[in-house]
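Let's take a friendly walk through a protein model together. Have the sequence and the 3D view ready, and follow along at your own pace.

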Amino acid sequence: MWNLKQTASHLYRQYELITCINMFEPWEKKLINGFFLIMVVLVIFSSYVYLPSYMETLLEVIKPTTGSSQPSEKAYVPMKISSF
Amino acid sequence: MGNLDDASAGFEQSYVHSNGNGSVKSSTPISNGHIPNHTTFVEQRQKSDEQQQQNGEETEEQLLRLKELKFSAPAYTEIRTRSGGLNFKNAEEGSYHPANGHVEKSGKRSDKFKPSQADGILSAEQEHYQKTSFEDVPLHTACLTYLGFYLLMILGYINQLLFVPKVATEKARDGYVTLYDAFESFYSRYVYRRVRDCWNRPICSVPGDELILKDRVTDDYGWSFRFTGTETRCLNLGSYNYLGFASATGRCADESEQRAREKGLAYCSSRCELGNTQLHIDLERLTARYCGVEDAIVFGMGFATNALNLPALLGPKCLVVSDEKNHASIILGLRLSGATTKVFKHNSMKDLERVLRNGVCYGNPKDGGKPYKKILICVEGIFSMEGSIVRLPEIIALKKKYKAYLYLDEAHSVGSMGPNGRGVVDYFKADPKDVDILMGTFTKSFGSAGGYIAGTKKLIDYLRANSHAHCYAGSISPPIVQQIYTSMSIIMGDDGTNTGRNKIQQLARNTRYFRRRLAQIGVITYGHEDSPVVPMLVYLFSKIGAVIRTLTTRHIAVVGAGFPATPIMEGRIRFCLSAAHTKEQLDYALDVIDDVSENLGLKYSRKPRDPNPIEY
């Protein structure tokens, strides 16, 4: 547990140094942290919502399972968005 | 004037003699001290030397060889095993003029005195590449550095948009173009201000091996500071006090104090008017003897020595070939002179030759292709930001080939390099007369202030008549002259002791030890194995501040260098070693640096590390 905490603090320090957060004023820190948090949330959200259907269409394009079906109809349509 | 020439020649000879004697006396204990550190190769050489001595061949050559042996570095045998990225088939291939001139001479000499540090076992080029290291930045670090910098800039602009900066603003200037608004002021307000506490820190003691920092805190994120009234004692790794002559006690300090009581603090006049005294003339003679040339001229300010003497030597129809890492004072001097300036890549002889050849072949394009009046190569001895050493033997060969003049700025190297402390000329065992203009400062190794130019009598007389720094600037203050005079005569051994020699020795050992320990820790350092300026690369801008702050809490004072002084990507911490440091102090510093670099992630180096403990 203690080790985990140490690792986490080490990682956070590295993140602070890389993004120069340790140099910023508190409100700037919040801004940058918020920005990165939003980015991470957006990436996670979109990969959960869009990625599966995109992968399906991609597979369809690369390896058409049925010769009769037209991939162009299905392609690039995010399917899940209506069901979400 | 022939009189003066004779006198200087006499001085020179006596210096050479005193060197010989001093070295012979001191060589035995020091070389004995070195033997455990040497590898078998050097030991064998030592044994063979001793045998020859027993045979009764006590010639002067023998004594000279002993002197050479003393300064053979234990570090070298190890360094030579490391390939510096060059694969020459034979030693001759790398050098420029294997068949003529000075290079060949030194090569012949090197067969006689084999285990010396600047000998020609390898060609000058190979030797340079094996001793100098400029490790590449890891790709991800480079990307992260740019990311961090973009963030800093973006936030700076947001900050500037939202808030009025707490700085002095001009009033009643409607319609004027702003006088101070530029990228520099933006940079210093929104980037530099965040880590301003790491620079320009006030101290309240002599900057010797240790110094006392005056503590200060900021309540508004670097806009302003307030003193807490407390003090912190720190180990000083930031001063250019190479030989440890900056101290509040000892002979230098006593004699300077005495001189100030006798002669006052300043003459308030230039050398051409009332400021010229016997003190200054003595100092010039001593400097000339120290450099091994005919004459020298001294100035009260090191920066002005470069900035105001270069315009005296050069005119608009001249070509200057300047190293890209040259100091700002040289660049200012070249701009003032109006000469055509061509820059060559840092320490790259190929590029230097290309630029020289183009200059000679195509002439001056501004003057319809007529040949340049003169061509001057402008280099520094030790480059203070890179920690690298000029490739003097190769530059001298090139200079002779293309009939160019050579201006060597020994600001950092004088005193700190070479077995006699006479700078890179001494280190490479070059003839000082091959360098046309020897410039240096008294600010660093001599623990004082001012600068000098040394060279032929003709050159110095010309400068006395034409140099602005000589005619208009005030002469050096008497206690400062005395400090230079005393420290210089101590280095030369004129005081009859081995103090100067031991200091040079101590600095060389400190340098090698510190650099090798840093390499073992795994941080990236730049430069030459023997340069006492050690830049440690931290790359990210935020890490410069973090390292300096952390080291200050652990009682070590260091200097950081960031973007305006270095390329954006290459933030660095610069350690300057001193003869005043002891092994214990360096060990403490290195342990702390190891700890800090582990914590902050500075161990970028991908080179194999030496698993054995480094011997001092």
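The expected span of a helix is 1.5 Å times one less than its number of residues. Helices here are DSSP runs of H or I with at least four residues, strands are runs of E with at least two, and both are numbered from the N terminus. This is a predicted model, in which local features need pLDDT of at least 70 and side-chain atom pairs count only at pLDDT 80 or more, while totals for chains, interfaces and linings use all residues. Residues are numbered from 1 along each chain as its sequence is written, and chains are lettered from A, with ligands numbered from 1, in the order in which they are written.

Two helices let you try out the span rule:

| Helix | Residues | Expected span | Distance between end C-alpha atoms |
|---|---|---|---|
| H2(A) | 24 residues | 34 Å | 34 Å |
| H11(B) | 14 residues | 20 Å | 20 Å |

For H2(A), the two lengths agree, and so they do for H11(B).

Now for chain A. It has 5 helices and 0 strands, so the order from the N terminus on reads α-α-α-α-α. A residue is buried if 20 or more other C-beta atoms lie within 10 Å of its own, exposed if 12 or fewer, and partly exposed in between, with C-beta atoms placed from the backbone. Of the 84 residues of chain A, 8% count as buried. Does H2(A) lie largely in the open or largely buried? The number buried among its 24 residues is 1, so H2(A) lies largely in the open.

H11(B) has buried residues too, among them His280(B), Leu283(B) and Tyr290(B). After H11(B) comes Gly292(B), with a positive phi near 75°.

Where do the chains meet? Residues are in contact if their C-beta atoms, placed from the backbone, lie within 7 Å. By that rule, 11 residues of chain A are in contact with 16 residues of chain B. On the side of chain A that touches chain B, helices H1 (2–18) and H2 (26–49) each give two or more residues, and H1(A) gives the largest share, 3 residues.

Finally, look at H14 (residues 349–362) and H15 (residues 392–402) of chain B, which pack at an angle of about 15° with their axes 11 Å apart. That makes H14(B) roughly parallel to H15(B), since angles under 35 degrees count as roughly parallel. Residues making this contact include Leu352(B) and Leu356(B) of H14(B) and Leu398(B) of H15(B).

How values were computed:
Contact = placed C-beta atoms within 7 Å. Axes fitted to C-alpha atoms, helices over the stretch in contact; angles between N-to-C directions. Parallel < 35°, antiparallel > 145°, perpendicular 65-115°, else oblique.
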